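Colleague: Before we discuss this structure, I should like to have it in view. Please show it, and then let us take questions in turn.

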Amino acid sequence: MNYAFLQKVLQGSNENPHINKIQVLDLYEEGFNPVLVFNEQKRRRDMHTDPGLDKYRRQIMWADKIVFIYPIWWGRPPAMLMGFIDQLFASNFAYKDKKGYFPEGLLKGKSVVSVSTMKGPTHYPLLWLNNAHKILMKRALFNFVGIKKVKFFEVGNMESPKGNQIKKLEKIHHYFSKLDH
């Protein structure tokens, strides 16, 4: 179902005169290794210069708007996406430590659209998990790295025959076709 949402994002974006270029990154198709490894050759303080992540850093820097499409697993994004975030959103690339409690976000001016799908009801994360998913993504990640404009589409009941999948797909298509910035 996430692939269908990607297709609607692309379709809507291609119809939108305000959107000129799109790059798609499929972590599974790329064979991205989400395992975070530190050892003598691979140190945490050098993550921002890891040559294996250079392509992804260029994509993030190129993008004005970053769109994440993923399923919710156990109330959070899957390990593949979290491993990507752990490795890519590193110190001296996505943020810089400074005096005080919070770092300086280095990805200011960018925005994010997060499309997450789940088997359970749409309001499950809000009612049962106190919005843990949104808090994780918005506060602990995006705001931390300087991204303040974040739009969420949390789509539930994706495996239900009464889940209104077509309506939900069209909502995403409409959003991207009318997006002005």
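**Strands, cores and salt bridges**

Modeller: Strands β1 and β4 (residues 111–117) run parallel and are joined by seven bridges. Please bear in mind throughout that this is a predicted model.

Colleague: Which residue of β4 stands opposite Pro-71?

Modeller: Pro-71 belongs to the uncovered face of β1 (residues 65–71), together with Lys-65, Val-67 and Ile-69. Seven bridges join β1 to the parallel strand β4. Opposite Pro-71 in β4 stands Thr-117.

Colleague: Which residues make up the covered face of β1?

Modeller: In a regular strand, side chains alternate between the two faces of the sheet. In β1, Lys-65, Val-67, Ile-69 and Pro-71 form the uncovered face. The covered face consists of Ile-66, Phe-68 and Tyr-70.

Colleague: What is the bridge partner of Ser-116 in β5?

Modeller: Strands β4 and β5 run parallel and are joined by seven bridges. Five of the seven residues of β5 are buried, so this strand is largely enclosed by the rest of the structure. The partner of Ser-116 in β5 is Glu-154.

Colleague: Which element gives the largest share of the largest nonpolar core?

Modeller: This core has 30 residues, of which Phe-68, Phe-84, Leu-88, Phe-89, Phe-142 and Ile-147 touch the most other members. Two or more residues come from each of α3 (54–62), β1, α4 (79–88), α6 (132–143) and β5 (149–155). The largest share is six residues, and it comes from α4.

Colleague: With which residues is Phe-142 in contact, leaving aside its neighbours within four places in sequence?

Modeller: Phe-142 is among the residues that touch the most other members of the largest core. Another of these is Phe-68, which also lies on the covered face of β1. With those sequence neighbours left aside, the contacts of Phe-142 are Phe-68, Val-112, Met-137, Ile-147 and Val-150.

Colleague: How many residues does the second, separate core have?

Modeller: In soluble globular proteins, nonpolar side chains tend to be buried together. Here, the second core includes Val-9, Phe-153, Ile-172 and Leu-179. Its size is ten residues.

Colleague: Is Met-47 buried or exposed?

Modeller: Met-47 is found in the loop between α2 (27–30) and α3. Not counting residues up to four places away in sequence, Met-47 touches Leu-36, Phe-38, Leu-53, Arg-57, Asp-86, Gln-87 and Ala-90. Its relative accessibility is 9%, and the cut-off for the buried class is under 20%. Met-47 therefore counts as buried.

Colleague: Against which elements do the buried residues of α3 pack?

Modeller: The buried residues of α3 are Tyr-56, Arg-57, Gln-59 and Ile-60. They cover an arc of only 160° around the axis, which puts them on the same side of α3. The elements they pack against are α2, β1 and α4.

Colleague: How many residues apart are Lys-8 and Glu-170, and which helices hold them?

Modeller: The side chains of Lys-8 and Glu-170 meet in a salt bridge, 2.9 Å from N to O. This pair links distant parts of the chain, with Lys-8 in helix α1 (residues 2–15) and Glu-170 in helix α7 (residues 165–178). Lys-8 is buried at a relative accessible area of 17%, whereas Glu-170 is partly exposed at 35%. The separation in sequence is 162 residues.

Colleague: How far apart in sequence are the parts that Glu-30 and Lys-55 tie together?

Modeller: Glu-30 and Lys-55 form a salt bridge, their closest N and O atoms being 2.7 Å apart. Glu-30 lies in helix α2 and Lys-55 in helix α3. Glu-30 is partly exposed, with a relative accessible area of 34%, and Lys-55 counts as partly exposed at 35%. The parts tied together are 25 residues apart in sequence.

Colleague: Which residues are linked with Asp-54 in a network of salt bridges?

Modeller: The side chains of Asp-54 and Arg-57 meet in a salt bridge of 3.8 Å, N to O. These two residues are three apart in helix α3, so about one helical turn separates them. Asp-54 counts as partly exposed at 32% relative accessibility, while Arg-57 is buried at 8%. Linked with Asp-54 in the network are Arg-57 and Arg-58.

Colleague: How many salt bridges does a search of the whole structure find?

Modeller: Among them are the pair Lys-8 and Glu-170 and the pair Glu-30 and Lys-55. Asp-54 and Arg-57 form another. The number found in the whole structure is five.

Technical notes
Residues numbered from 1 in each chain as written. Predicted model: local features only at pLDDT ≥ 70, side-chain atom pairs only at ≥ 80, totals over all residues. Heavy atoms only, no water. Buried < 20%, exposed > 50% of the residue type's maximum accessible area, 1.4 Å probe, protein only. Helix = DSSP H or I, 4+ residues; strand = E, 2+ residues; numbered from the N terminus. Pairing = 2+ DSSP bridges. Core = buried A, V, L, I, M, F, W, Y, C linked by side-chain atoms within 4.5 Å. Contact = heavy atoms within 4.5 Å. Arc of directions from axis to C-beta. Salt bridge = Lys/Arg side-chain N within 4 Å of Asp/Glu carboxyl O.
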